[in-house]
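Here is a short round of questions and answers for you to work through with the model open beside you. Take your time and follow each step in the viewer.

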Amino acid sequence: HEVAGLPRPVARLGDRGDLVLGFSIDLDQAFASSMFGADDNTIRVNGWGGGVTGVRLQWHGRAGGAGIAPYVAALNLFDRRYVGSVTTNGAGGRVFEPGAGRTIYAGLSVTASAR
């Protein structure tokens with residue numbers, strides 16, 4: 001008998017690397033196995049298969065004495081279908097919510113210098 005709502009195993013792998021001209025890249029790969037969505041182990045929720053991939057490209061520089069780092073990133077890069085969350089013993093057998101599709105976003109990190 002397995003505990004519902006707990007995938008085993010779960011793995012997350014990441015790597016960060018410096019490129020050229022102040023650029024860096026972060027890669028992230030997450031995996032989760034199948035699990036049960038009901039305490040009586042009658043509803044099986046599929047695992048993530050090939051997993052979910054994220055990537056972030058960032059540039060590091062300085063402007064006016066502050067550190068700046070604009071970036072662009074993608075979550076679920078390959079737009080895979082996966083389970084985003086499981087509600088154990090959900091009403092009518094509805095126990096999981098799908099994960100988000102590919103999401104692309106950008107931003108800017110600013111670090112002020114101490115004086």
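## Salt bridges, strands and buried residues

Glu97 counts as partly exposed, at 34% relative accessibility. This is a predicted model, so a look at confidence comes along with the geometry below.

Q: With which side chain does that of Glu97 meet in a salt bridge?
A: Glu97 itself is partly exposed, with 34% relative accessibility. Its partner is exposed, with a relative accessible area of 56%. The N to O distance in the pair is 3.3 Å, and the partner is Arg94.

Q: How many salt bridges does the structure hold?
A: One of them pairs Arg94 with Glu97. Another joins the side chains of Arg12 and Asp28, and Arg16 and Asp26 also meet in one. The total for the structure is 3.

Q: How far apart in sequence are the parts that the pair Arg12 and Asp28 ties together?
A: The side chains of Arg12 and Asp28 meet in a salt bridge, with 2.9 Å from N to O. Arg12 lies in strand β1 (residues 10–18) and Asp28 in strand β2 (residues 23–32), so the bridge links two strands, and the parts it ties together are apart in sequence by 16 residues.

Q: Is Asp26 buried or exposed?
A: Asp26 meets Arg16 in a salt bridge, at 2.5 Å from N to O. Arg16 lies in strand β1 and Asp26 in strand β2, so this pair ties together parts that are 10 residues apart in sequence. Arg16 is exposed, with a relative accessible area of 62%. For Asp26 the relative accessible area is 14%, and because the cut-off for burial is under 20%, Asp26 is buried.

Q: What class of accessibility does Asp28 fall into?
A: Its salt-bridge partner, Arg12, is exposed, with a relative accessible area of 63%. Asp28 has 23% relative accessibility. Buried needs under 20% and exposed needs over 50%, so Asp28 counts as partly exposed.

Q: Which residue offers the backbone oxygen that lies 2.9 Å from a polar atom of the side chain of Asn76?
A: Asn76 is found in the loop between β7 (66–75) and β8, and Asn76 is buried, with a relative accessible area of 3%. Leaving aside residues up to four places away in sequence, Asn76 touches Val52, Thr53, Tyr82, Ala100, Gly101 and Arg102. The backbone oxygen in question belongs to Ala100.

Q: In which strand does Thr53 lie?
A: Thr53 counts as buried, at 11% relative accessibility. Not counting residues up to four places away in sequence, Thr53 touches Asp28, Gln29, Ala74, Leu75, Asn76, Leu77, Phe78 and Arg80. Two of these names are familiar from above: Asp28, from the salt bridge with Arg12, and Asn76, with its polar atom by the oxygen of Ala100. The strand that holds Thr53 is β5.

Q: What distance separates the C-alpha atoms of Val95 and Arg81?
A: Val95 is found in the loop between β8 (83–86) and β9 (96–98), and Val95 counts as buried at 3% relative accessibility. Among the residues that Val95 touches, with those up to four places away in sequence not counted, are Gly37, Ile43, Val45, Ser85 and Val86. Arg81 is 14 residues from Val95 along the chain, and their C-alpha atoms are separated by 16 Å.

Q: What radius of gyration does the chain have?
A: The chain has 0 helices and 10 strands. Its C-alpha atoms fill a box of roughly 60 × 25 × 20 Å along the principal axes. A compact globule of 115 residues would have a radius of gyration near 13 Å, but the chain has 19 Å.

Q: What share of the residues of the chain count as buried?
A: The chain exposes about 7,700 Å², with 57% of that supplied by carbon and sulfur atoms. Asn76, at 3% relative accessible area, is an example of a buried residue. Of the 115 residues, the share that count as buried is 26%.

Q: Where in the chain is confidence highest?
A: The average pLDDT of the chain is 93, and 98% of the residues score at least 70. Confidence is lowest in β8, at a mean of 90. The highest mean is 98, and it belongs to strand β5.

Terms used:
Residues are numbered from 1 along each chain as its sequence is written. This is a predicted model: local features need pLDDT of at least 70, side-chain atom pairs count only at pLDDT 80 or more; totals for chains, interfaces and linings use all residues. Side-chain values use heavy atoms; hydrogens and water are left out. Helices (H or I, at least four residues) and strands (E, at least two) are DSSP runs, numbered from the N terminus. Buried means under 20% relative accessible area, exposed over 50%, partly exposed in between (1.4 Å probe, protein chains only). Contact means heavy atoms within 4.5 Å. A polar contact is a pair of N or O atoms within 3.5 Å; within protein, one must be able to donate a hydrogen and the other to accept it, and residues adjacent in sequence count only if both atoms are side-chain atoms. A salt bridge is a side-chain nitrogen of Lys or Arg within 4 Å of a carboxyl oxygen of Asp or Glu. The radius of gyration is taken over C-alpha atoms; the globule rule is 2.2 Å times the number of residues to the power 0.38. Accessible areas come from the Shrake-Rupley method with a 1.4 Å probe; for residues, only the protein chains shown count as cover. pLDDT is the predictor's confidence in each residue, from 0 to 100.
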